[in-house]
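Colleague: Could you pick one part of this model and give me a close look at it, along with what it touches? I work at the bench, so please spell out any cut-offs as you go.

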Amino acid sequence: MQEMMKKRAKTLLADGTVSRVIGWRRGEFSYDVTPAVFETAEEIDRDFVFDAFCGANVSKYLIRESAKEDGRILAFLKPCDAFSFNQLLAEHRVRRENVYLIGIPCAGKADIDRIKKAGIDGVTGIAEDGEDFVVSTVYGDERVKQADVLAERCLACKSKRHPVYDELLGEEGEDLPDDVRFAGVAKLEAMTAEERFDFWRSELSKCIRCNACRNVCPACTCENCVFDNPASGISQKAAADPFEENMYHIIRAFHVAGRCTDCGECSRVCPEHIPLHLLNRKFIKDIDELYGTYRAGEDDGTKNPLTSYTEGDAEASVVRERGRA
Amino acid sequence: MQVNENETFVPTIVAFCCNWCSYAGADLSGTNRLQYPSNIKIIRVPCSCRVNPMFILRAFQRGADGVILCGCHPGDCHYTTGNYYARRRMTLLFSMLDYLGIERGRTRVEWVSAAEGQKFAETMKSFAAEIAALGPNRRLEDLRCRK
Amino acid sequence: MKFLKRTDLDRFLTAAAEHRTIYVPVDEEPNKSAYRRYKPGTPVSQGLKTTRSAKDFFFPQTENLVGFRIEDKKIKILDPRTEHEDFAVFGVRACDARSFGILDKVFLSEPVDTYYQNRRRHGLILTMTCRRPAETCFCTAFGIDPASPEGDVVFTETADGWYIEPKTEGGRDFLAPLEEFLEERDDKGADEAKARTRAIMEKLPLAGLKTDSFGGGKTKELFDRPEWASLSEACIGCGTCTFVCPTCQCYDIRDYDTGREVRRFRCWDSCMYSDFTKMAGGNPRLTQKERFRQRFMHKLVYFPENNGGEFGCVGCGRCLASCPIHMNIVKVMKTLSEGQDEQ
Amino acid sequence: MNSETLIPHAVVVEDVRIDTPDVKTFRVLTREGEKPFDHLPGQCAMISIPGVGEGMFSITSSPTNRTYMEFSIKKCGHLTNWLHMLEPGMEVTVRGPYGRPFPVEEDLLGKDLLFIAGGIGLAPLRAVINYVRDNRENYGDVQIIYGARSKDDLVDYAEILDEWQTSPGVEVDLTIDREQTGWDGHVGFVPNYVKELNPDRGKTVLVCGPPIMIKFTVAGLTELGFAPEQIWTTMELRMKCGIGKCGRCNIGAKYVCKDGPVFRYDELGELPDEY
């Protein structure tokens, strides 16, 4: 796939269809790839990489890149990224005419933290070998099943289909059932309030308020974030009190409710490994159950659930009446 | 939260009331000399949909033990549709608070028209009793503000 | 040399905890640990590094500086400081141990930061050699020897325990009541363990990282380098690198009104944030490029310039592991050094 | 000041003077009625209103004034809006003094001095001007070129007319940006006015004002033949601690709060252009 992508990128650069390419630049130990803009075929030959570690969602960068008066930019989008892009498009945050989209298939991305969790450290390189990864380390080679170290978001993948693209490389995939995706939320819902409270307290108390989850989120695109407003009385960079941890995470998730495409970037970037997707997915699940299935980033004419209503909507008391402990 | 002389718990309750219906309803219950608990702090807002989720959280931060949002009955909004949006927002927010393990009874939405002074007083009485039974807000409080 | 058997660690720490509070790294999940207060039986992490650095012990993320209460229209000033309890941090690696020296240069230079000093005076550092350095480690680039860390007491780890060497008066006092848990062994095992660590360091992917393009007085050469634009293009402007960094020490001062009093607290800040230098009249660092450059120029040029050539990085590799987009000081150093060679 | 430098002291606002539509001068004293602390001209102090915030302001009264301390503050942001609501008798907190002062007892001794100020930029220079006037025998001729947007925006206008212009050996040249009824003085921007006045090349220059005015004025002075070593200026960047630790006010390796705010222009030339 990487070679196909490089070839196509160079062709589109050469024929002037695009002036730049956004992709991933190789790093020091194979897993530390960085999103990057390439302008020449030489750069692409030297540094362009696409492998199981290219998980970063590049759609948010397209806000900045598509605003430039510098021709079109080629972006390779995984299905996740395409949903995010489409949502940004619906919100008029990207200029479609300045972007050339190639949809690329995705079999799931590896999570280096899970590889390390499996007890593998001192990683110097990772190669794909059939169903496995062969991880070379300073302490010798290790072999691990790819499926065992996929990112959580990939194990709970919602769709292998691209809702938007100019061309596709490889086969188009299909939507996947939602039950896996909502299993984590359902498990929490089945707990008692005390258990849920303890669970979230232990998770959210790890938060260091680095704001990575907010800054990486392709739905968080406000020019000025409410948490950066000194007059709001919220310290945007200090978890000064447990209340602020709750407040930050509730409001962060709420502000993207109905717009979150569940790309999972928030959980991927969290240095403390807080399962932030469980907050976003709770909103998605509630919206689906209360207001009908809605998929942000889909072009199916459904209205954003938080900017629409029906007269027969459930009353807020539905939360009490749902009959859980 | 307050504790009175007998050390019984007197909750602090914040009621966001829309200007056109519920605030007038509260007024009416006052002019009709209907009793409702004095520990309810009413905050007048132009419309129930003015209340953003942060208002609810900030009320808890600042010492509320329960927060209730009152607005016009669905279909009667002064701005036609504001309360429909508010209903969705609050439903999702309350569900999230529940999901985080915060007691469900601490939040409520009630529709109170300008003519429903009686309903206002009764709603407040029942909400205050429910919060009193729940005890002080400990799961969504800001320790720095604890009295 | 004194030796503590692995099987005796719990008894050793339990006894030590009677004299002062002990903090140990504890696994939150495999390969992810955090410092926790030691209680008898607390399982000590075998991992290399905690996710957050150990700077929290001396420079916590938030800290009350002063309080104000308005009484009869007069401002009453409340000093919240209390004498800090005695404590010791166990299992600090060589990189973090060095970071305290770097923080000292900032906080203990005149005018002394008494909040930091108070904690520093009451804290002992029990350091441990690294048996399994990670691929992200590059402390040797900054002259740090992970087989011979600084600290009050050095624990040289072997398969069955630790050789223990007090390095300071405080370290000797700490060990005095704990002698009964230690046995005498010859130094051979310690020397072997150290040699093994050093040999691993040489094999690490970042071994040989060069610092000679950096240091005091290099502002002119490095500040206007065109590479800053491409290095910073993917930076999302979060504070992850800064908050996990053991040497980042920038802070913000804010007021919080609790309803009864105003608490003025300081909290970690990040030069990566867009409002870090924002004033009513404008912002000298308008784009992420300037903010990004500031972070690395500070560690690699400005800090050494003001502190006798010492770099403001200890090579712990935390930022390499946690950056959402995997841009980090190593890539910055390599890119700028390469560019230098070409010039 | 003691080493507990982040803990401020409460002071009483004794007097509030309205200088211009957006500048007020606040006179502060300790509760005992004394000057809060001693300082040198050009140094700053942190003023705060608890619950609102803290900010660095230059001390505009002269060190030779032993009875009170003054700050001239322009309303331009969150904290300054609040400060402008202060009334006599209210309290604020201060801590300081911070920073490197103008070298009044070193480099400036015996020199002819040229002060160039724009708008609120007069604030830090006022301390030096009055210091020099009070130690007149130690300095040569004094020339003050001061400009503002309009006549109403000239800070300390009364003091300029009544005291500075009548001082022996002090020349004051005022200018405003645009024509205004009731103004028969010079009209034009400060940098141009400086060139028109063509001051003597031997003077030592102290310049302060908005960054853009400083840049153009210094360019003009260089054109006239002034060397960067003759020019002193003050910088302003966001500050939180005031003691070189919070890490945000640096220009290159220099911290404005600690190594500045006063810089000689050739020193600034050594620093990266990030201010």
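Modeller: Happy to; I will start with chain A, follow its contacts outward, and end with some local details in the partner chains.

This is a predicted model, so local features need pLDDT of at least 70 and side-chain atom pairs count only at pLDDT 80 or more, while totals for chains, interfaces and linings use all residues. Residues are numbered from 1 along each chain as its sequence is written, and chains are lettered from A, with ligands numbered from 1, in the order in which they are written.

Chain A is assigned domain 1 (2-109 + 156-168), domain 2 (112-149) and domain 3 (179-321), with bounds from an automatic or database domain assignment. Between the C-alpha centres of domain 1 and domain 3 of chain A there are 27 Å. The two domains meet through 16 residues of domain 1 and 15 residues of domain 3, where contact means that C-beta atoms, placed from the backbone, lie within 7 Å. On the domain 1 side, helix H4 (residues 79-90) of chain A gives the largest share, seven residues. Helices here are DSSP runs (H or I, at least four residues), strands are E runs of at least two, and both are numbered from the N terminus. That side of domain 1 has six nonpolar, six polar and four charged residues. In this count Ala, Val, Leu, Ile, Met, Phe, Trp, Tyr, Cys and Pro are nonpolar, Asp, Glu, Lys and Arg are charged, and the others, Gly among them, are polar.

Domain 1 of chain A brings us to Ala75(A). In the largest nonpolar core, which has 319 residues, Ala75(A), Val89(C), Phe115(D) and Leu206(D) touch the most other members. Such a core is a set of buried Ala, Val, Leu, Ile, Met, Phe, Trp, Tyr and Cys residues joined through C-beta atoms within 7 Å. A residue is buried if 20 or more other C-beta atoms lie within 10 Å of its own, exposed if 12 or fewer, and partly exposed in between, again with C-beta atoms placed from the backbone. Leaving aside residues up to four places away in sequence, Ala75(A) touches Ile22(A), Val58(A), Leu62(A), Val99(A) and Leu101(A).

Now outward to the other chains. Five pairs of chains are in contact, and chains A and C share the most contacts. There, 35 residues of chain A meet 42 residues of chain C. On the chain C side, at least two residues each come from helix H5 (188-203), helix H8 (240-244), strand S11 (251-257), strand S12 (262-268) and helix H10 (318-322). By class, that side has 21 nonpolar, ten polar and eleven charged residues.

Chain A also meets chain B. Helix H10 (residues 242-255) of chain A packs against helix H2 (residues 53-61) of chain B at an angle of about 170°, and their axes are 11 Å apart. That makes H10(A) roughly antiparallel to H2(B), a label for angles over 145 degrees, with under 35 being roughly parallel, 65 to 115 roughly perpendicular and the rest oblique. The axes are lines fitted to C-alpha atoms, for helices over the stretch in contact, and angles run from 0 to 180 degrees between N-to-C directions. From H10(A), Phe243(A), Met247(A), Ile250(A), Ile251(A) and Phe254(A) meet Pro53(B), Met54(B), Leu57(B) and Gln61(B) of H2(B). This contact has eight nonpolar residues, one polar and no charged ones.

Staying in chain B, helix H1 (residues 22-31) has seven of its ten residues buried. Those buried residues pack against strand S3 (13-18), strand S4 (40-45), strand S5 (66-71) and helix H4 (117-134) of chain B. After H1(B) comes Arg33(B), with a positive phi near 60°.

Lastly, some backbone details in chain C. Most residues other than glycine have a negative phi, and most peptide bonds are trans. Asp72(C), which is not a glycine, has a positive phi of about 50°, and Lys73(C), also not a glycine, has one of about 65°. Asp72(C) is in the loop between strand S4 (62-71) and strand S5 (74-78) of chain C, and is exposed, with 5 other C-beta atoms within 10 Å. Lys73(C) is exposed with 9. The peptide bond from Glu110(C) to Pro111(C) is cis, with omega near -10°, and Pro111(C) is in the loop between helix H2 (94-107) and helix H3 (114-122) of chain C.
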